[in-house]
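Colleague: Could you walk me through this one? I'd like to know what stands behind each label you use.

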Amino acid sequence: MKSFNYKALPINVHFGRGRFKEVKEILKEYQFSSVLIITTAGQAAQGQKLAEQLGHICVGVHAKAIMHVPVAIAEEAIHEVQRLKVDCCLALGGGSTIGLAKAIALKTSIPIVAVPTTYAGSEMTAVYGLTENRVKTTGKDLKVLPKVVIYDPELSLRLPPKISACSGMNAMAHAVEALYAQDKNPIITMMALDAIRALKDALPVIVEDTQNIEAREKATYGAWLAGICLGSVDMAIHHKICHTLGGTYNLPHAEAHAISLAYSVHYNRNADIEAMTQLACALGGTDHQQVGHLIYQLNQKLNIPMALKDIGLPEDGPQTVTRIVCDSPYYNPRAYEYAELEQLMQRAYMGLPPN
Ligand code: NAD
């Protein structure tokens, strides 16, 4: 066995159906007494309901989170927490909501309790992002790492089938790239494989029956493990491609991940054969050459958009994205080959199978 480093992040996790009902008790356990609930506008009513449940320990609902955390939105929220003398931000929502709580924590060190309602995984990482003038800046700081995370699969029952599937494939992408990360280790590999198996089994059930609580539970569990992978090891080419698609063209985060994953793993299929064979087996196949197809077929089953052109990538997008990715690459187990990558991005643009 190769030598390795493993570092666990200090987060307390409460997992299980109905655990949302314990939020007040959990907040009190940590002696929080001035809690601001953060949500998106779409989840404001859910935030308001929680505020009623929390009673006097809640000082308000700030329902202004939007994707990619614009600096102006963060500044407004920071002003609000200072005005209200908040001692905890409770983020109820997906990556956008947790992202806003992180931006507040970065400036104020106010601890975060996260209650995720998508599968994006931000709650398990110390990574934050802020966007200004269409440029997203990311960084890492333990200050933004949630102190407590409450996973209640019942909260995802309202997540529509398309968002569930894309968000689940976003989680899958974290686990997949952890398998061939530069700093991979056996603990994270174990979690990544379990995450991939759980998501592969649960997501097709969820798109047929969004109310299937066993499948929701399995997907939430997979997303949690995938989030740990994202927070623990460095991501590679696939995340570089998706950060470029999001940063340069503002493509929707989860959809961009879901569509691109088949092409990224196909590109890497011979780069780390042990990892890719493990991936193929976790997806129900046997051969590392098949990995791109296995993901592509899973996406077909999930009935999600299959082509980057259908989620807003312009015709010259494949070329531009490939150039940016090759000019400022992340670590990848295989070198960045412009011509081959551009061809793959063209196929992703059209939604064709990876080869
Ligand atoms: P999101 O948070 O934008 O949520 C998508 C939509 O679904 C929103 O309108 C939201 O209100 C709605 N929604 C969420 N949960 C719901 C539920 N249970 N029922 C009904 N509607 C619900 O999307 P996301 O994919 O979770 O997050 C994307 C953002 O998170 C991006 O900005 C991305 O960069 C960031 N992100 C950051 C990290 C990190 O480690 N920092 C990790 C993953 C994602």
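Colleague: What makes the pair between valine 127 and the ligand a polar contact?

Modeller: A polar contact is a pair of N or O atoms within 3.5 Å. A polar backbone atom of valine 127 is 2.9 Å from a nitrogen atom of the ligand, so the pair meets that cut-off. The protein covers 82% of the ligand's own 860 Å² of accessible area, by the Shrake-Rupley method with a 1.4 Å probe. Bear in mind that this is a predicted model, where local features need pLDDT of at least 70 and side-chain atom pairs pLDDT 80 or more, while totals for chains, interfaces and linings use all residues. Residues are numbered from 1 along each chain, and side-chain values use heavy atoms, without hydrogens and water.

Colleague: Which distances do serine 96 and threonine 118 show?

Modeller: A polar side-chain atom of serine 96 is 2.6 Å from a ligand oxygen, and for an N or O atom in the side chain of threonine 118 the distance to a ligand oxygen is 2.7 Å. Both pairs therefore count as polar contacts.

Colleague: How do you know which residues surround the ligand?

Modeller: A residue counts if one of its heavy atoms lies within 4 Å. That gives 21 residues, with Thr40, Ser96, Thr117, Thr118 and Thr125 the closest. The shell has seven nonpolar, eleven polar and three charged residues. Its largest share, three residues, comes from helix H4 (residues 95-108); a helix here is a DSSP run of H or I with at least four residues.

Colleague: Why are S6 and S7 called paired?

Modeller: Pairing takes at least two DSSP bridges between strands, E runs of at least two residues. Strand S6 (residues 127-132) and strand S7 (residues 135-140) have six, in the antiparallel sense, so they qualify. Threonine 131 stands opposite lysine 136 in S7. Two residues lie between the strands of this hairpin, and asparagine 133 has a positive phi near 50 degrees.

Notes:
A polar contact is a pair of N or O atoms within 3.5 Å; within protein, one must be able to donate a hydrogen and the other to accept it, and residues adjacent in sequence count only if both atoms are side-chain atoms. Ala, Val, Leu, Ile, Met, Phe, Trp, Tyr, Cys and Pro count as nonpolar, Asp, Glu, Lys and Arg as charged, and the others, Gly among them, as polar.
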